[in-house]
Every structure is written in structure tokens, then in C-alpha cells.
Amino acid sequence: MSRLEGKVAIITGAASGMGLAGAKLFANEGAKVVATDVVGDVLDERVKEIVANGGEAIAYHLDVSQPDSWNEVVEKTVEKYGKIDILVNNAGIHMAKGILEAELDDWNKVMAINSTGVWLGMKTVIPHMQQNGGGSIVNTSSIAAIVGGVADAGGAAYSASKGAVRALTKHAAQWFGTDNIRVNSVHPGAIFTGMVEKAGIHSQEEMGSNYDGKAALKPYAGEAQDIANAYLYLASDESKYVTGLELVVDGGWTTNS
Ligand code: NAD
């Protein structure tokens, strides 16, 4: 039996990396996937591939930092599928600048996408989940929200933005538990994705070699599928008594910090 049969799932940042791996996995598990991203053409191509493989998925343009964009996507989703069961707030950007290097515009940009985007997603989707009798929200944070030892990789605004996601997740878990809405965060360690490729790293092994001695498990960096698997567990009814959890997927990095 498919683990998400009949569920409607919105995933943000689904054109690349963890969001794309999640969209494919959710479709394989029977979900109707609303794959969203700020990039258009790439997303359309990826969604066509999911559909060609027998999955049910649709591509909608969404800039997570914009309330109007959220309203449009949520309206279209409810019009098409009648409900929203799952929201994966996965979209995010990376910026490695430290406290002294970052300018105010850098800070605001990272916070707008990584933190405000998560709040806006929950604010727009939760009323529909309340009407529908519940739902599951998965927010992507980072180990940068837990330990300072990734400051070199994460940057100041990045770490702060992911800390906000961690706190917001716990707040929402408490606030909406009586509505049967579960809210959990996933905290990836070093994971080889498009985000990392943009920073000039070409393989999971190369990424891992930069972090020798940080993670416990070789090759010291994970892959997008490792995070998609965490998304699936938290989205599915298998985690029906789990809320407010920080699910760390880091090959053991934070056990050494
Ligand atoms: P990625 O760059 O491969 O994918 C991120 C996607 O988000 C892209 O498709 C991008 O177009 C989209 N996006 C960017 N800005 C957006 C916006 N304003 N609105 C909508 N979509 C937008 O990155 P990834 O590594 O798969 O990252 C996924 C999440 O995991 C992010 O939140 C990231 O911060 C987090 N994370 C990544 C790592 C890592 O090592 N890769 C570690 C910890 C946390």
C-alpha cells in the first residue's frame, strides 16, 4: 500500500535537490504533488518527467517570499484538488557571508526566503488544513540552526534564518496540535544538491572530503534522497503521533559538536 495514497502535497523549491527528490518520492507513494518553485522552465521539465513515470503532479510558479504568490498557489490547489494534506516548506537559499561581510540587503534576502517564506506558507495553508480536519507540515531547517560549527559553510543570516524555522516549527506544533496539524522540522547536514553545485562542488564525494571528521558516516556528505526519505516519514501517517520534532539527518555531524 502506498504511503501517501490520496494525499495532496504542496512542496516548495521542487525544481532541484531535496525538493525535487521529495516530489518524485511523494508521487511514487501515491500523492497528488503540487510542485512549486520560483524557476519556471526547469520545474515544468521535472514535473513532466514525474508524470511520464506515472505520478500525479502539477507545476505552479511560487516565490515563497511573496504573500500574493502563496495565495494564488493555495487557491489553485484547493480549486483543483479540494484540500491540502501536506506542506513541505523546503525552498531556501544559501549565503556564506559572515556577520562582518554581510550587508543589510544580504541579510534581508536570506531571511525573506528562508524564514518569512516558511511563515507565509504556514499562514496561507493552515486555514485549509483546519477546515480539512488536519494535516502535516514539514519545514526544512539545517544543522546550522543547532551548532555554530557550520558557520563557515552556513553564514550568519543563513544560520539565523534556519534558527527561526526551528523555533517557528515548535511554536506552530504547540499552537495547532488541537487542530490535528502536525509540524516538524528536518535538519540536513552536508547534502550534495544543486545548491552545493552552484558553490562549485561537483560530487557527493568531493563535498564529503571537505567535511572529513565532521560527520561520522562516510562519505561525510549525504544525498537529496536521504532528506526526501525524512520528508516522507513526517508527511505520512506513520508519524501521526510526532509533532515538534527536530529530525536531524546529518550522518552524525551534530553528535560531535
Ligand atoms: P537547491 O538549490 O538544490 O534547491 C532549492 C530550490 O529552492 C531551488 O529549486 C530554487 O529555485 C528554490 N528557490 C530559491 N528561492 C526561492 C523562492 N524565493 N521561492 C521559491 N523557490 C525558491 O537546494 P537544496 O540543497 O535542495 O536545499 C533545500 C533546502 O535544504 C533549503 O532550505 C536549504 O537551505 C536546506 N539545506 C540544504 C543543505 C545542503 O547541504 N544542501 C543543508 C542544510 C539545509
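Here follows a short exchange about a predicted model, its ligand shell and some unusual backbone spots.

Reader: Why is Tyr220 called buried?

Author: Count its neighbours. Tyr220 has 22 C-beta neighbours inside 10 Å. The cut-off for buried is 20 or more. Therefore Tyr220 counts as buried.

Reader: What makes Asn180 partly exposed?

Author: Asn180 has 15 other C-beta atoms within 10 Å. Exposed needs 12 or fewer, and buried needs 20 or more. The value falls in between, so Asn180 is partly exposed.

Reader: What is notable about phi of Asn180?

Author: Phi of Asn180 is near 65°, a positive value, and the residue is not glycine. Most residues other than glycine have a negative phi. Asn180 sits in the loop between helix H6 (156–176) and strand S6 (181–188).

Reader: And what is phi of Tyr220?

Author: About 70°, again positive in a residue that is not a glycine. Tyr220 belongs to the loop between H8 and S8.

Reader: What kind of peptide bond joins Lys218 and Pro219, cis or trans?

Author: Cis, with omega about 5°. Most peptide bonds are trans. Pro219 is in the loop between helix H8 (204–210) and strand S8 (222–223).

Reader: Which residues of the shell are closest to the ligand?

Author: Gly13, Gly17, Gly92, Gly194 and Met195 are the closest of 29 surrounding residues. Helix H1 (17–28) and helix H7 (194–198) each give the shell at least two residues.

Reader: How do the shell residues divide by type?

Author: There are 14 nonpolar, 13 polar and two charged residues. Gly counts as polar here, and Met as nonpolar.

Note on methods. Residues numbered from 1 in each chain as written. Predicted model: local features only at pLDDT ≥ 70, side-chain atom pairs only at ≥ 80, totals over all residues. Near = placed C-beta within 6 Å. Helix = DSSP H or I, 4+ residues; strand = E, 2+ residues; numbered from the N terminus.
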